[in-house]
Amino acid sequence: MPSTSDQRPASVLSLAPVVPVVVLDDVAHAVPVARALVAGGLPVIELTLRTPVALEALAAIAAEVPEITVGAGTVLTPVQVDQAVGAGAQFLVSPGATPSLLGAMGASGVPFLPGTATVSEVMAVLEAGVTEMKFFPAEASGGAAYLRSIASPVPAARFCPTGGITAATAASYLALPNVGCVGGSWLTPSDALAAQDWDRVTTLAREGAALGT
Ligand code: 3PG
């Protein structure tokens, strides 16, 4: 089992301005896409647990691309928490939060971003002692204007908004005081993956990394 103990990030929100969210259908793409992101200056990748190869892809990246911080996304159940950490996940991201999932992620030993979309959900996650969270689906839930509106009422919460964000809209989120990073799949478009166009992924990563400067 890969060890996560010595590469565990303290905060998911501080890894990079943009977290590439990647849906992989072909495990052979895992290592090249991770290397392409690193080459573009984004040493972080969130692999969604939505495809049959996701755990195998995660393990391949953890084993072969040590310079990237690899996490698991779309974590829905405590079983998936164990599977992801067992495969080498260094952080976990979920689209929502239930008490059992929060408990499992809290006990996992790696940092995590539970998903929230409403103020009550944010308050419930804060009540569980977690201050960093995902805001999902960001654009459909009110976007940057919504996050700006809740910065004052719930100042302890810090977000990684994800869902519908693009290169054109990312900066409006990153300018907010309660946003640490944004997540999105625009850096690894499905057509680029299918064509194994790693140069394009590197170019998109470079543009994403520049949003933090
Ligand atoms: C997800 O979990 O799908 C992420 O939120 C990515 O959303 P996006 O594909 O709209 O960037």
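A residue counts as buried when its relative accessible area is under 20%, as exposed over 50%, and as partly exposed in between. Keep that cut-off at hand for the exercises below, which use a predicted model.

**Exercise 1. Place Gln80 in the structure and decide whether Gln80 is buried or exposed.**

Step 1: Start with the secondary structure. Gln80 sits in helix 3, residues 78-87.

Step 2: Compare the accessibility with the cut-off. Gln80 has a relative accessible area of 16%, so this residue is buried.

Step 3: Look for partners, leaving aside neighbours within four places in sequence. Gln80 is then in contact with Leu49, Thr74 and Val75.

**Exercise 2. Thr74 has turned up as a partner of Gln80; find what its backbone does and where Thr74 lies.**

Step 1: Recall the usual case. Most residues other than glycine have a negative phi.

Step 2: Check the residue itself. Thr74 is not a glycine, yet its phi is positive, about 55 degrees.

Step 3: Locate Thr74. It belongs to the loop that runs between strand 3 (69-73) and helix 3.

Step 4: Apply the cut-off again. With a relative accessible area of 14%, Thr74 is buried.

**Exercise 3. Describe how helix 1 and helix 2 meet.**

Step 1: Take the geometry. The axes of helix 1 (residues 30-39) and helix 2 (residues 54-64) come within 9 Å, and their crossing angle is roughly 55 degrees.

Step 2: Classify the angle. The two helices are therefore oblique to each other.

Step 3: Add the handedness. The crossing of helix 1 past helix 2 is right-handed.

Step 4: Name the residues involved. Helix 1 contributes Ala30, Val31, Ala34 and Arg35, while helix 2 brings Ala57, Ala60, Ile61 and Glu64.

Step 5: Sort these residues by character. The contact has 6 nonpolar residues, 2 charged ones and no polar ones.

**Exercise 4. Which residues of helix 1 are buried, and what do they pack against?**

Step 1: List the buried residues. They are Ala30, Val31, Val33, Ala34, Ala36 and Leu37.

Step 2: Trace their surroundings. These buried residues pack against strand 1 (18-22), strand 2 (44-48), helix 2, helix 8 and helix 9.

Step 3: Follow the chain onward. Just after helix 1 comes Gly41, with a positive phi of about 95 degrees.

**Exercise 5. Find the salt bridge and judge how accessible its two residues are.**

Step 1: Count. The structure holds 1 salt bridge.

Step 2: Identify the pair. The side chains of Arg200 and Asp191 meet at 3.3 Å, N to O.

Step 3: Judge each residue. Arg200, at 33% relative accessible area, is partly exposed. Asp191 is partly exposed as well, with a value of 48%.

**Exercise 6. Inspect the backbone at Gln196 and at the bond between Phe136 and Pro137.**

Step 1: Begin with Gln196. This residue is not a glycine but has a positive phi of about 50 degrees. Its place is the loop between helix 8 (190-194) and helix 9 (198-210), and at 46% relative accessibility it counts as partly exposed.

Step 2: Turn to the peptide bond. Phe136 and Pro137 are joined by a cis peptide bond, with omega at about -10 degrees.

Step 3: Locate the proline. Pro137 is in the loop between strand 7 (132-135) and helix 6 (143-150).

**Exercise 7. Which residues does Pro17 touch, not counting those up to four places away in sequence?**

Step 1: Locate Pro17. This residue is in the segment before strand 1.

Step 2: Read off the partners. Pro17 touches Leu174, Cys181, Val182, Gly208, Ala209 and Gly212.

Technical notes. Residues are numbered from 1 along each chain as its sequence is written. This is a predicted model: local features need pLDDT of at least 70, side-chain atom pairs count only at pLDDT 80 or more; totals for chains, interfaces and linings use all residues. Side-chain values use heavy atoms; hydrogens and water are left out. Axes are lines fitted to C-alpha atoms, for helices over the stretch in contact, and angles run from 0 to 180 degrees between N-to-C directions. Helices (H or I, at least four residues) and strands (E, at least two) are DSSP runs, numbered from the N terminus. Angles under 35 degrees count as roughly parallel, over 145 as roughly antiparallel, 65 to 115 as roughly perpendicular and the rest as oblique. A crossing is left-handed if the near helix is turned anticlockwise from the far one by less than a right angle, and right-handed if clockwise. Contact means heavy atoms within 4.5 Å. Ala, Val, Leu, Ile, Met, Phe, Trp, Tyr, Cys and Pro count as nonpolar, Asp, Glu, Lys and Arg as charged, and the others, Gly among them, as polar. Buried means under 20% relative accessible area, exposed over 50%, partly exposed in between (1.4 Å probe, protein chains only). A salt bridge is a side-chain nitrogen of Lys or Arg within 4 Å of a carboxyl oxygen of Asp or Glu.
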